[in-house]
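Q: I've got a chain open here and would like to talk through a few of its details. Could you go over them with me?
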Amino acid sequence: MKSNIPERQKNTFKLVSKKQILYLMVIFISLTTVAQTENSRLTHFNLEHKVALQGYDPVAYFKLGKAVKGKKELTVTYEGVTYNFSMPVNREYFLKNPLKYEPQFGGWCAYAMGDSGEKVEINPQTFKIVDGKLYLFYNAYFNNTLKSWNKDQANLKSKAESTWKKTIK
């Protein structure tokens, strides 16, 4: 039985269908990649109910030089991780450049990551900015790991970066 569709329309239909399939594949791959990135971050970052830094404002470390508790009503979720902010302007800074303000090593203790490759809780008020990056440290029970970090920062930082790259893949 012969089709009533002219040959030119058949070719157009094949072309459109191929384009649509390619377009759908690109969308699917993009969404899958984003979901995997978010899942990896939610699995490996130091979070409490998907909130980073125990609710502290990541921008305040840089702009005010101190740890400031963020407000639950001023939040941003970046690749699955939620950040709280103490003031709207800090939220805006973060939105413009989230990677600048995110803590290193998913918010885990930088010293422990470099020394033993372990994910160790932090005290959000014990931090250091190095080369424009935020590093956090464990500080409890007479053990302030920032002091140990300062004694061998270059070596510990290099080891921590290597460990974190393997962890977050």
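Q: Let's start with E102: buried or exposed?
A: This is a predicted model, and in it E102 is buried, with a relative accessible area of 6%.

Q: Where does E102 lie, then?
A: E102 lies in the loop between α4, which covers residues 98–101, and α5, which covers residues 110–115.

Q: And what does the side chain of E102 have a polar contact with?
A: The side chain of E102 is joined to that of R41 by a polar contact of 2.5 Å. Leaving aside residues up to four places away in sequence, E102 touches R41, F45, Y78, Y83, F94 and L134.

Q: OK, switching to N46: where is its place?
A: N46 has its place in the loop between α1 (7–44) and β1 (47–48).

Q: Why does N46 count as buried?
A: N46 counts as buried because its relative accessibility is 7%, and the cut-off for buried is under 20%.

Q: Which backbone oxygen lies 3.2 Å from a polar atom of the N46 side chain?
A: That is the backbone oxygen of G107. G107 is also one of the residues that N46 touches when those up to four places away in sequence are not counted, and the full list is V51, A52, L53, G106, G107, W108, E121 and I122.

Q: Now the strands: how many bridges join β3 to β4?
A: Five bridges join β3 (residues 71–78) to β4 (residues 81–85), and the two strands run antiparallel. Within this pairing, K71 has F85 in β4 as its bridge partner.

Q: What about the turn, how many residues are between β3 and β4?
A: There are two residues between the strands of this hairpin, and E79 in the turn has a positive phi of about 50 degrees.

Q: On to the surface: which residues make the nonpolar patch of about 320 Å²?
A: The patch is made by L64, M87, V89 and Y93. Of these, Y93 lies in helix α3, which spans residues 88–96, and Y93 is partly exposed, with a relative accessible area of 33%.

Q: Last topic, the chain as a whole: how many helices and strands?
A: The chain has seven helices and eight strands, and buried residues make up 36% of its 169 residues. About 10,800 Å² is exposed, with carbon and sulfur atoms supplying 56% of that area.

Q: And what share of the contacts with a separation of 6 or more is between residues 24 or more positions apart?
A: Residues 24 or more positions apart account for 55% of those contacts.

Note on methods
Residues numbered from 1 in each chain as written. Predicted model: local features only at pLDDT ≥ 70, side-chain atom pairs only at ≥ 80, totals over all residues. Heavy atoms only, no water. Patch = residues over 30% accessible without salt bridge, like charges linked within 9 Å, V, L, I, M, F, W, Y side chains within 5 Å. Areas by Shrake-Rupley, 256 points an atom, 1.4 Å probe, with all protein chains shown as cover. Salt bridge = Lys/Arg side-chain N within 4 Å of Asp/Glu carboxyl O. Helix = DSSP H or I, 4+ residues; strand = E, 2+ residues; numbered from the N terminus. Buried < 20%, exposed > 50% of the residue type's maximum accessible area, 1.4 Å probe, protein only. Contact = heavy atoms within 4.5 Å. Polar contact = N/O pair within 3.5 Å; in protein donor to acceptor, adjacent residues only side chain to side chain. Pairing = 2+ DSSP bridges.
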